[in-house]
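Reader: Please take me through this structure step by step. I will ask, and you can answer briefly.

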Amino acid sequence: MKTKIISAIIISSLLATSPISALAAGGGVPGQNFINSWDENEDGRVTLAEMQEKRGNIFLSFDSDDNGILDADEYIYFDEARANDMANKNIGQTNKKAGSPMTLEANDLDGDGQVSREEFLENAKSFFEQKDTNGDGEITANDFGNSYN
Ligand SMILES: [Ca+2]
Ligand SMILES: [Ca+2]
Ligand SMILES: [Ca+2]
């Protein structure tokens with residue numbers, strides 16, 4: 001249980017994923033932080049498969065009792081890990097709640113107060129589509145504004 005939480009915190013460092021934090025901390029290339037966070041094979045593009053794989057790993061880390069559901073108690077650790085991660089990166093608190101794709105509220109698709117693995121992966125799709133602004137099926141710097149086009 002303890003190691004599980006520690007590994008969860010490590011994985012949370014991969015989680016600087018909310019749109020606002022990606023833009024705020026990105027510096028040069030638009031969306032660079034976002035892409036770095038999710039681009040498993042480091043080809044500069046984020047696919048839905050990569051996003052779902054990573055989300056699956058994140059889910060496992062925080063599902064302390066391995067029952068395939070993140071309940072409100074488990075979400076407390078998840079929320080804390082994300083908050084700590086943002087604090088470490090000096091990202092403001094503006095995006096802690098509103099607009100985060102990782103919150104319980106955002107992922108509890110059936111509204112039963114907990115998030116199943118299916119919900120968590122399913123919700124990756126709408127998040128992905130939201131970020132893939134040009135709709136070509138992968139998220140690249142081109143989807144984050146056009147200053148480099
Ligand atoms: Ca659980
Ligand atoms: Ca649910
Ligand atoms: Ca795209």
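Reader: Which residues does Phe59 touch, not counting residues up to four places away in sequence?
Author: Contact here is between C-beta atoms, placed from the backbone, that lie within 7 Å. With residues up to four places away in sequence left out, Phe59 touches Leu70, Arg117 and Phe120.

Reader: What kind of model is this, and from what number are residues counted?
Author: This is a predicted model: local features need pLDDT of at least 70, side-chain atom pairs count only at pLDDT 80 or more, and totals for chains, interfaces and linings use all residues. Chains are lettered from A and ligands numbered from 1 in the order in which they are written, and along each chain, as its sequence is written, residues are numbered from 1.

Reader: Is Phe59 buried or exposed?
Author: A residue is buried with 20 or more other C-beta atoms within 10 Å of its own, exposed with 12 or fewer, and partly exposed in between. Phe59 sits in helix H4. Because Phe59 has 22 C-beta neighbours inside 10 Å, it counts as buried.

Reader: What distance separates the C-alpha atoms of Phe59 and Arg117?
Author: Along the chain, Phe59 and Arg117 are 58 residues apart. In space, their C-alpha atoms are separated by 6.9 Å.

Reader: In what order do the elements run from the N terminus on?
Author: Helices (H or I, at least four residues) and strands (E, at least two) are DSSP runs, numbered from the N terminus. The protein has 7 helices and 4 strands. Their order is α-α-α-β-α-β-α-α-β-α-β.

Reader: What share of the contacts with a separation of 6 or more is between residues 24 or more positions apart?
Author: The protein has 149 residues, and 28% of them count as buried. Among contacts with a separation of 6 or more, the share from residues 24 or more positions apart is 57%.

Reader: Which residues of H4 are buried?
Author: H4 has 15 residues, and its end C-alpha atoms are 21 Å apart, which agrees with the expected 21 Å at 1.5 Å a residue (1.5 Å times one less than the number of residues). Its buried residues are Met51, Lys54, Arg55, Ile58, Phe59, Ser61 and Phe62.

Reader: Within what arc do the buried residues of H4 fall?
Author: The arc is that of the directions from the helix axis to the C-beta atoms. Seen down the axis, the buried residues of H4 line one face of the helix, because they fall within an arc of 160 degrees.

Reader: Within what arc do the buried residues of H7 fall?
Author: In H7, the buried residues are Phe120, Ala124, Phe128 and Lys131. These line one face of the helix, because they fall within an arc of 85 degrees.

Reader: Which exposed residues does the face of H7 turned away from its buried side carry?
Author: The buried residues of H7 are covered by elements including H4, helix H6 (104-107), strand E3 (115-116) and strand E4 (138-139). The face turned away from the buried side carries the exposed residues Glu118, Lys125, Ser126 and Gln130.

Reader: At roughly what angle do the axes of H4 and H7 cross?
Author: Axes are lines fitted to C-alpha atoms, for helices over the stretch in contact, and angles run from 0 to 180 degrees between N-to-C directions. On the H4 side, residues making the contact include Met51, Arg55 and Phe59. On the H7 side, Phe120, Ala124 and Phe128 are among them. The axes come within 9 Å and cross at roughly 145 degrees.

Reader: Which element gives the most to the largest nonpolar core?
Author: A nonpolar core is a set of buried Ala, Val, Leu, Ile, Met, Phe, Trp, Tyr and Cys residues joined through C-beta atoms within 7 Å. The largest one has 10 residues, including Trp38, Met51, Ala124, Phe128 and Phe144. Helix H3 (32-38) and helix H7 (117-131) each give two or more residues to this core. With 3 residues, the element that gives the most is H3.

Reader: How many residues are in the second, separate core?
Author: Phe59 belongs to this second core, along with others including Ile58, Tyr75 and Ala81. The number of residues in this core is 9.

Reader: What is phi of Glu42 near?
Author: Glu42 lies in the loop between H3 and strand E1 (46-47). With 8 C-beta neighbours inside 10 Å, Glu42 counts as exposed. Most residues other than glycine have a negative phi. Phi of Glu42 is positive, near 55 degrees.

Reader: Where does Asp66 lie?
Author: Asp66 also has a positive phi, near 55 degrees. With 8 C-beta neighbours inside 10 Å, Asp66 counts as exposed. Its place is the loop between H4 and strand E2 (69-70).

Key. Contact = placed C-beta atoms within 7 Å.
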